[in-house]
2 protein chains.
Amino acid sequence: MPKTRKKVAVALLGLGTVGLAVAELLEKNRQLIESRVGASLELKSALVRDKAKARPGLPPGVVVTDDPSAVLDDPEVDIVVEVMGGFEPAYAYLRRAIEGGKHVVTANKAVLAKHWDDIFHLAHDRSVDVYIEASVGGGIPCVQAINDGLAANRIERLTAIINGTTNYILTGMASNGQSFEKALKDAQAHGYAEADPSFDLDGMDACHKLAILGSIAFDQRVRVEDIHLQGIRGISKQDIDIARVEMGCVVKHLAMARVRRSDGALEVQVVPALLPLDHPLAGVDGVNNGVLVSGDAVGEVLFSGRGAGGGPTASAVISDIIFVARNVAVGVAGRVPSIPYDVEKVQSRRIVPAEEISNRFFVRLTAVDQPGALAAIARVFADHAISISSVAQNEKEKGSTVPVYVSTYSAPERAMRECVAALERLPTVRPNTLVLRLEVPEA
Amino acid sequence: MPKTRKKVAVALLGLGTVGLAVAELLEKNRQLIESRVGASLELKSALVRDKAKARPGLPPGVVVTDDPSAVLDDPEVDIVVEVMGGFEPAYAYLRRAIEGGKHVVTANKAVLAKHWDDIFHLAHDRSVDVYIEASVGGGIPCVQAINDGLAANRIERLTAIINGTTNYILTGMASNGQSFEKALKDAQAHGYAEADPSFDLDGMDACHKLAILGSIAFDQRVRVEDIHLQGIRGISKQDIDIARVEMGCVVKHLAMARVRRSDGALEVQVVPALLPLDHPLAGVDGVNNGVLVSGDAVGEVLFSGRGAGGGPTASAVISDIIFVARNVAVGVAGRVPSIPYDVEKVQSRRIVPAEEISNRFFVRLTAVDQPGALAAIARVFADHAISISSVAQNEKEKGSTVPVYVSTYSAPERAMRECVAALERLPTVRPNTLVLRLEVPEA
């Protein structure tokens with residue numbers, strides 16, 4: 001038996017909310033964590049931008065530096081934990097760490113989504129561990145669950161709420177009767193949304209996370225560019241109310257990847273959608289995240305919990321540190337790849353272009369309230385070969401225009417897009433159409 | 001770098017529903033599974049009781065034998081997969097496999113709950129891997145989630161629905177208006193309950209599983225004898241209806257382990273309980289299982305899915321086979337213990353004796369419908385220092401006796417037991433009392 005190590009040294013890249021939470025949790029639960037590692041863990045150093053900044057929560061003994069070399073070239077550091085976020089310099093530092101033979105734990109969804117192949121090939125080449133649990137779903141161990149726990153399954157479908165900001169806003173509109181603007185302000189006040197919330201609201205954050213989960217679940221690279229993307233802007237409180245009353249549905253911002261039955265191609269999208277109230281994700285509210293996975297053997301499995309915040313993210317980061325440190329302690333780190341990225345690709349499916357993806361739709365039109373308006377609208381749907389399943393109008397609405405809600409059977413995105421363009425050319429329809437997906441099985 | 005293996009050989013102990021499902025799934029998803037292992041997997045042999053029995057689902061090439069030595073002493077077998085169930089001879093075979101240096105995957109909750117320490121000590125001694133995902137929660141990777149994914153947390157509370165049979169019966173009574181007897185027959189007809197359903201109905205199955213989850217979550221041995229146990233017999237459809245209408249609750253058979261705030265002691269119980277409709281486990285219906293874990297960093301995390309059946313269990317078993325086979329392939333199996341059982345025990349809490357556990361209660365009394373009956377009942381509760389939070393009577397009930405439902409604030413089990421004995425000594429109360437726990441936070 002090779003000798004076992006008594007101490008494993010860790011360094012942090014970044015000491016923001018997550019970095020500090022990692023340092024604090026490591027200290028708070030040190031005994032527990034070290035007993036699980038089987039060796040002592042030393043948090044040796046942390047790379048920051050501003051060395052002078054006060055960090056009252058930081059345990060004593062951690063060297064705080066603004067010199068990347070002091071961390072990345074320190075031969076005593078075994079594990080580099082990247083919690084800076086953003087593309088650069090995070091990616092450059094990660095590469096440098098791996099090239100130097102350091103094992104890596106990262107929460108950086110943007111870098112992973114963009115540089116997936118490069119990171120894992122480099123890690124394989126240098127025989128280092130790369131663990132990524134904290135990049136998706138906060139404290140929910142969903143990466144591990146899909147990568148390992150469900151590894152015997154052919155995954156058929158992945159449906160997830162993986163952006164806490166949009167979920168908080170949609171829940172606020174649904175439960176507290178808030179307008180979109182009010183719910184967004186509320187999210188910002190609670191620290192759940194950035195001053196510039198575009199990255200969350202327009203879906204790019206969820207896109208990065210879906211690229212990561214999809215790449216694991218389907219054993220093939222899913223790129224951000226492959227994902228059909230629509231954010232949640234334009235959804236009103238009234239839309240949510242109508243979805244509830246008329247359709248028995250909640251509105252959620254969903255990240256979905258599914259294998260198309262007809263030809264096995266992969267449909268990947270981040271879109272707002274209606275879910276029936278008894279859907280497993282319908283009750284995932286507020287800043288919570290939920291990941292629903294369908295495998296051919298296991299059926300449907302749901303994972304849910306807090307999707308963001310210092311505590312949950314630190315929980316995931318340290319779970320990964322424990323994995324790697326255990327390996328380091330007994331001298332097997334880098335031997336079993338955490339993500340089997342480099343194996344023969346047994347599933348290489350075509351990824352369906354956005355406009356070929358088929359969905360059911362729930363469409364809000366702004367129509368002039370006059371006889372024949374509905375007939376003209378129905379005609380346009382028929383002309384685009386889209387079958388209508390129901391139509392609802394909010395009777396309380398007064399004025400020259402009324403919102404008309406049309407739900408449809410399954411149709412390709414392209415047909416729907418062209419249909420909306422044609423609808424808005426009608427003299428009785430105003431250009432304010434909202435298109436949501438309707439995740440209700442056809443009868 | 002040590003050389004890597006090209007082939008890993010697996011043998012099954014048992015070819016019942018689960019064993020056959022494992023063999024079939026291994027065959028069906030072979031390419032996928034082997035790509036995740038990084039080596040080929042050979043299902044070499046299977047130990048059965050009756051060699052002559054027809055097994056049309058079994059892939060060709062598997063040697064079926066009734067001679068334990070042909071499997072356990074075969075030097076070519078790397079991994080022994082035990083899916084026989086029952087205490088013996090399963091435990092004897094498991095020991096023999098481990099003593100022979102074979103790695104082990106087991107779904108056997110009874111053996112694990114009883115022989116936990118012996119199995120893991122022996123495994124450590126012989127440097128072999130022991131993986132146990134399929135022993136709890138069917139296809140839900142909850143063992144891994146608690147053991148690894150949440151390993152950075154001090155677990156505060158674990159609440160779970162981990163017996164599909166009782167959950168199916170309670171759901172049938174709640175949703176389909178079935179009587180207990182009808183729901184049980186229905187479960188038996190669907191293969192969800194045994195001809196002798198005692199093991200499930202009386203809670204022993206859930207007890208074994210809670211002993212396993214508790215031993216992992218709390219870093220200390222939780223034994224079956226430590227668990228306060230009550231099955232679901234005696235619960236009527238009417239009780240479930242009243243719980244819903246009067247309390248806004250569903251009735252679930254819960255496995256719970258929680259750290260008592262006052263002194264850090266551990267309360268462990270398998271009991272029927274009322275859960276509010278918005279509780280994360282309230283929607284876990286039918287044969288589904290759900291595991292809700294509260295950690296100090298992560299908050300609440302829920303895992304749910306199919307808790308039994310060939311497919312889900314095979315999914316968990318093969319997930320474990322992949323872990324072990326990956327380790328075998330690169331020569332590191334047995335080096336990192338799957339369960340850190342043998343480390344310095346940082347948490348060694350007193351386990352609270354059953355009658356000292358405090359719960360809120362929901363009590364059904366059968367009372368004679370006459371003036372003063374309720375006053376006498378209330379008096380007895382007060383005499384036992386149990387505060388009543390509400391009282392409900394089913395007004396539709398006719399006849400000389402009526403069910404009276406009393407919900408209480410928190411009180412020790414002993415006080416409740418003595419209170420029930422005193423109540424049943426009242427001339428106005430008949431001896432047919434049902435005591436459920438009320439998992440609703442006190443206001």
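**Where the two chains meet**

Start by colouring chain A and chain B separately in this predicted model. Select the interface residues of chain B, then look for their counterparts in chain A: 100% of them are interface residues there too, so the two copies meet through the same surface. Chain B brings 51 residues to the contact, and chain A brings 51 residues as well.

Now show chain B as a cartoon and pick out H2, H6 (142–149), S12 (299–306) and H12, each of which supplies at least two residues of the side that touches chain A. Stay a moment on H12(B), which gives the most to that side, with 11 residues. If you colour this side of chain B by residue type, you will find 25 nonpolar, 17 polar and 9 charged residues.

**Down the axis**

How are the two copies related? Superpose chain B on chain A: a rotation of 180° with 0.0 Å of shift along its axis does it, with an RMSD of 0.0 Å. The copies are thus related as by a two-fold rotation axis. To find that axis from chain B, select B:Phe303, whose C-alpha is the nearest to it in the chain, at 2.3 Å.

Next, select residues 299–306 in both chains. Here S12 of chain A and S12(B) pair in the antiparallel sense, over 5 bridges. For one pair to click on, take A:Val301, whose bridge partner in S12(B) is B:Gly305.

**Helix H1 of chain B**

Move to residues 17–28 of chain B, helix H1. Try the distance tool on its end C-alpha atoms: they are 16 Å apart, which agrees with the 16 Å that its 12 residues should span at 1.5 Å a residue.

Which residues of H1(B) are buried? Select B:Val18, B:Gly19, B:Leu20, B:Ala21, B:Val22, B:Ala23, B:Leu25 and B:Leu26 to see them. What covers them includes, in chain B, strands S1 (7–13), S2 (40–47) and S4 (79–82), together with helices H2 (30–37) and H12 (310–330).

**The nonpolar core**

In soluble globular proteins, nonpolar side chains tend to be buried together. The largest nonpolar core here has 319 residues, and those with the most contacts inside it are A:Val22, A:Val81, B:Val22 and B:Val81. Helix H12 of chain A (residues 310–330) provides the largest share of this core, 12 residues.

For a last stop, centre the view on B:Val81. Leaving aside neighbours within four places in sequence, B:Val81 is in contact with B:Val10, B:Ala11, B:Leu12, B:Leu13, B:Val22, B:Val105, B:Val317 and B:Ile321.

Conventions: Residues numbered from 1 in each chain as written. Chains lettered and ligands numbered in written order. Predicted model: local features only at pLDDT ≥ 70, side-chain atom pairs only at ≥ 80, totals over all residues. Least-squares fit on C-alpha atoms with pLDDT ≥ 70 in both. Contact = placed C-beta atoms within 7 Å. Helix = DSSP H or I, 4+ residues; strand = E, 2+ residues; numbered from the N terminus. Expected span 1.5 Å × (residues − 1). Buried ≥ 20, exposed ≤ 12 C-beta atoms within 10 Å, placed from the backbone. Nonpolar A, V, L, I, M, F, W, Y, C, P; charged D, E, K, R; others polar. Pairing = 2+ DSSP bridges. Core = buried A, V, L, I, M, F, W, Y, C linked by C-beta atoms within 7 Å.
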